[in-house]
Amino acid sequence: MGTVTLGVSIAVPEPYGSLLQERRAGFGDPAAYGIPTHITLVPPTEVTEERLPEIEAHLAGVAAGHQPFPVRLEGTGTFRPLSPVVFVKLAEGVPLCNRLQHLIRDEAGPLARELQFPYHPHVTVAHGISEEGMDRAFQELAGYEAAWTCRSFALYEQGPDGVWRKLYDYEFGSGRPISAVPAQGGSPVDEPTPTA
């Protein structure tokens, strides 16, 4: 059996997701339209295809044990010079994102993995671009704010073309996997799929 590259994230809902994706593209980030706007819970992780059913069951179990929670974005931050990233900061929802990512990466589970850097939930708006582009992202989104109720997290797969496609949303409270929803505007990703 082959391998797949998976990630687990909280999707930033509309209209915020598309707006931040457009801004990311405008700062000169060529990856913008291949990465739907998100808060990472598990970074890109290579697994064998045969582990997918176990991973899906694990994610459903984690989601079932949680309730919706408020998320608020406010202002910008950066990981420079350690990592060439500018992001929008989470002003609310950090403890629950921390808890979710810890449970999903549980050492006894199918997505156990070490992280390259300590976990810090955020929404990337520029990565690996020119210093000028990074500075623009940091300055122009400094006053950005958005808020919503997070009701699920999602499992994504990276295609051979480098594009991340949502496989399922896992609903909090039930753990019910919901087939991928339509992509953010401008993303060459999912076609609309009826929900389960």
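How many bridges pair β1 with β7, and in which sense do the two strands run? Select both strands: β1 and β7 pair in the antiparallel sense over five bridges. Strands and helices here are DSSP runs, numbered from the N terminus (strands are E, at least two residues; helices are H or I, at least four). Two strands pair if DSSP finds at least two bridges between them.

Before going on, note that this is a predicted model, in which local features need pLDDT of at least 70, side-chain atom pairs count only at pLDDT 80 or more, and totals for chains, interfaces and linings use all residues. Residues are numbered from 1 along each chain as its sequence is written, and side-chain values use heavy atoms, with hydrogens and water left out.

**Stop 1: β1 and its partners**

Select β1, residues 3-11. Pick S9: its bridge partner in β7 is A154. Now add β2, residues 38-48. β1 and β2 pair in the antiparallel sense over eight bridges. On that side, T5 has E46 of β2 as its bridge partner. Colour β1 by accessibility. Seven of its nine residues are buried, so the strand is mostly covered (buried means under 20% relative accessible area, exposed over 50%, partly exposed in between; 1.4 Å probe, protein chains only). In a regular strand the side chains alternate between the two faces of the sheet.

**Stop 2: T45 and H38, both in β2**

Stay on β2 and select T45. T45 is buried, at a relative accessible area of 9%. Its side chain reaches the backbone oxygen of P43 at 2.7 Å. Show R113 as well: a polar contact of 3.0 Å joins the side chains of T45 and R113. A polar contact is a pair of N or O atoms within 3.5 Å; within protein, one must be able to donate a hydrogen and the other to accept it, and residues adjacent in sequence count only if both atoms are side-chain atoms.

Next, select H38, also in strand β2. Is H38 buried or exposed? At 17% relative accessibility, H38 counts as buried. Add V123. The two are 85 residues apart in sequence, yet their C-alpha atoms are 5.9 Å apart in space.

**Stop 3: the largest pocket**

Rolling a probe the size of a water molecule over the atoms shows where empty space is left. On a 1 Å grid over the protein atoms alone, a pocket is an open set of points with protein on both sides within 12 Å along at least five of seven lines; a cavity is a set where a 1.4 Å probe fits but cannot get out; lining residues have an atom within 4 Å of a point. Grid points are joined across faces, edges and corners, and a volume is the space filled by probe spheres set on the points.

Select T40, P43, P44, H122 and T124: of the 30 residues lining the largest pocket, these lie nearest its centre. The elements that give two or more residues to this lining are β1, β2, β5 (122-127) and β7 (152-158). β2 gives the most, with five residues. The pocket holds about 950 Å³ of space. Its lining divides into 17 nonpolar, eleven polar and two charged residues. Here Ala, Val, Leu, Ile, Met, Phe, Trp, Tyr, Cys and Pro count as nonpolar, Asp, Glu, Lys and Arg as charged, and the others, Gly among them, as polar.

**Stop 4: the cavity**

A search of the whole structure finds one cavity of 30 Å³ or more. The largest cavity has a volume of about 40 Å³. Select its lining: Q21, R24, I35, P36, T37, H38 and T124. By class, that is two nonpolar, four polar and one charged.

**Stop 5: β3 with β4 and β6**

Select β3, residues 69-78, and β6, residues 145-150: six bridges join them, and they run antiparallel. R72 has A147 of β6 as its bridge partner. Now add β4, residues 85-92, which pairs with β3 in the antiparallel sense over five bridges. β3 and β4 form a hairpin with six residues between them. Here G77 is partnered by F87 of β4.

**Stop 6: two cysteines**

Select C97 and C150. A disulfide is a pair of cysteine sulfur atoms within 2.5 Å. By this rule the count is zero. The sulfur of C150 is 6.7 Å from the closest cysteine sulfur, in C97, too far for a bond. C97 is buried at 0% relative accessible area, and C150 is buried at 2%.
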